Amino acid sequence: MRIKFLTAKLAASLGLLSVMLTMPLTSNAVNLTTYRIYLDDNNRSESFIVFTRDVVPEDCTLNMKHFSFDQNGKMSLYSGSELPANSAEEWVRFSPRNFVIQPGKPQTIRFSMRRKPNTESQEYRSYVSVACEDIVAEPAQKDPNAPKDRPTVSVKPKLVQNVPLIIRTGPLDVEASFSDIQIKGNIVHGNILRSGKRSLYGRIALVNKKNDEEIAFIDAVSVYPETTSYSFEISALNDDNIPVEQMALKFIEDEIYGGSLTIQKDIK
């Protein structure tokens, strides 16, 4: 199953939110209208919507989790007994944390950044874990003394979705560059080298240098501060038979999530 995500703010601005919430029941799943939450001094509040395509109610719980990354971008669950130093948990308020989604009645989750005076510029990160379960009414037939028309409630587990929450306090520098670009068959391999005090989030595109049109792209690329090198591969196949010598690699940060960096390198 493929789930598409869109921030509630962007969806509303494009007039797509009502369409998303009235989609036909093509799959039984809880969906979110975002896959990333970003807050900073200029954007102190955000929200997203949780909705279900199922025909039964969903019992949902939200809590915070933490994951770590190594220098090559490998992700692992944080196992420390105390909050990690870069945790965003103490910087944010959000509600509700427990709720029931009824079919056709979405739930809005609101986030706000806490104000803390005299703080240093830093990036904080946690993950909002959204766990929802089906609430299913079943006839109470196991107890012979129970009324036959009285339902019991059972809960069926569903997958947990973890949404990264990024909070930045003050301006933070970052630099990036492409390296180790190689062509193997029709696949372009390479790395993004990152340095600085904040993460990168955006897309890697293979573009036609003559008109800057995208030939292929990789979306939702995250490179966190612990990671110094991000490996990728992208197909150079195209219907217009554009030669590789006419292509360039381009990384564009997503402005919605606090980025403004763009880098480009020719493929040789």
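The following conversation takes up a predicted model and asks why certain of its features carry the names they do.

User: How do you know that Cys60 and Cys132 form a disulfide?

Analyst: The sulfur atoms of Cys60 and Cys132 are 2.1 Å apart, and a disulfide is a pair of cysteine sulfur atoms within 2.5 Å, so this pair qualifies. By this rule the count for the structure comes to one disulfide. The two cysteines lie in distant parts of the chain, with Cys60 in strand 4 (residues 58-65) and Cys132 in strand 10, 72 residues apart. Both Cys60 and Cys132 are buried.

User: What makes the disulfide of Cys60 and Cys132 right-handed?

Analyst: The name comes from the torsion about the S-S bond, which is about 115° for Cys60 and Cys132, so the disulfide is called right-handed.

User: Why is the contact between Glu226 and Arg125 called a salt bridge?

Analyst: The side chains of Glu226 and Arg125 meet at 2.7 Å, taken from N to O, and because the cut-off between a side-chain nitrogen of Lys or Arg and a carboxyl oxygen of Asp or Glu is 4 Å, the pair counts as a salt bridge. Glu226 belongs to the loop between strand 15 and strand 16 (229-235), while Arg125 belongs to strand 10, and the two are 101 residues apart.

User: Are Glu226 and Arg125 called buried or exposed, and why?

Analyst: Each name follows from a percentage, since buried means under 20% relative accessible area and exposed means over 50%, with partly exposed in between. Arg125, at 4%, is therefore buried, whereas Glu226, at 28%, falls in the range between the two cut-offs and is therefore partly exposed.

User: What makes Glu214 and Arg203 a salt bridge, and where are they?

Analyst: Their side chains come together at 2.8 Å, N to O, which is within the limit of 4 Å, so the name applies. Glu214 is in strand 15 and Arg203 is in strand 14, 11 residues apart. Glu214 has a relative accessible area of 39% and is partly exposed, and Arg203, at 22%, also counts as partly exposed. Salt bridges also link Arg203, Glu214 and Asp219 in a network, and the structure as a whole holds eight salt bridges.

User: Why is Lys250 called buried while Asp212 is called partly exposed?

Analyst: Lys250 has a relative accessibility of 16%, which is under 20%, so the word buried applies. Asp212 stands at 39%, which is between 20% and 50%, and Asp212 is therefore partly exposed. The side chains of these two residues meet in a salt bridge of 3.0 Å, N to O, which joins Lys250 in strand 17 (residues 247-253) to Asp212 in the loop between strand 14 and strand 15, 38 residues apart.

User: What is noted about the phi of Asp212 and of Ala220?

Analyst: Phi of Asp212 is near 65°, a positive value in a residue other than glycine, and Ala220 has a positive phi of about 55° although it is not a glycine. Ala220 is found in strand 15 and is partly exposed, with a relative accessible area of 35%.

User: How do you know that Gln246 and Asn208 share a polar contact?

Analyst: Their side chains are joined at 2.9 Å, and because the cut-off for a polar contact is 3.5 Å, this distance fits. Gln246 is in the loop between strand 16 and strand 17, and Gln246 is buried because its relative accessible area is 17%, under the limit of 20%. Leaving out residues up to four places away in sequence, Gln246 touches Val207, Asn208, Lys209 and Lys210.

User: What makes a group of residues a nonpolar core, and which residues have the most contacts inside the largest one?

Analyst: The name requires buried residues of the nonpolar kinds, joined through side-chain atoms within 4.5 Å. The largest such core has 25 residues, and those with the most contacts inside it are Phe48, Val50, Val92, Phe111, Val128, Leu165 and Ile167. Strand 10 (residues 122-139) gives the most to this core, with four residues. A second, separate core of 22 residues includes Ile204, Phe232, Ile242 and Leu261. In soluble globular proteins, nonpolar side chains tend to be buried together.

Definitions and conventions: Residues are numbered from 1 along each chain as its sequence is written. This is a predicted model: local features need pLDDT of at least 70, side-chain atom pairs count only at pLDDT 80 or more; totals for chains, interfaces and linings use all residues. Side-chain values use heavy atoms; hydrogens and water are left out. Buried means under 20% relative accessible area, exposed over 50%, partly exposed in between (1.4 Å probe, protein chains only). A polar contact is a pair of N or O atoms within 3.5 Å; within protein, one must be able to donate a hydrogen and the other to accept it, and residues adjacent in sequence count only if both atoms are side-chain atoms. Contact means heavy atoms within 4.5 Å.
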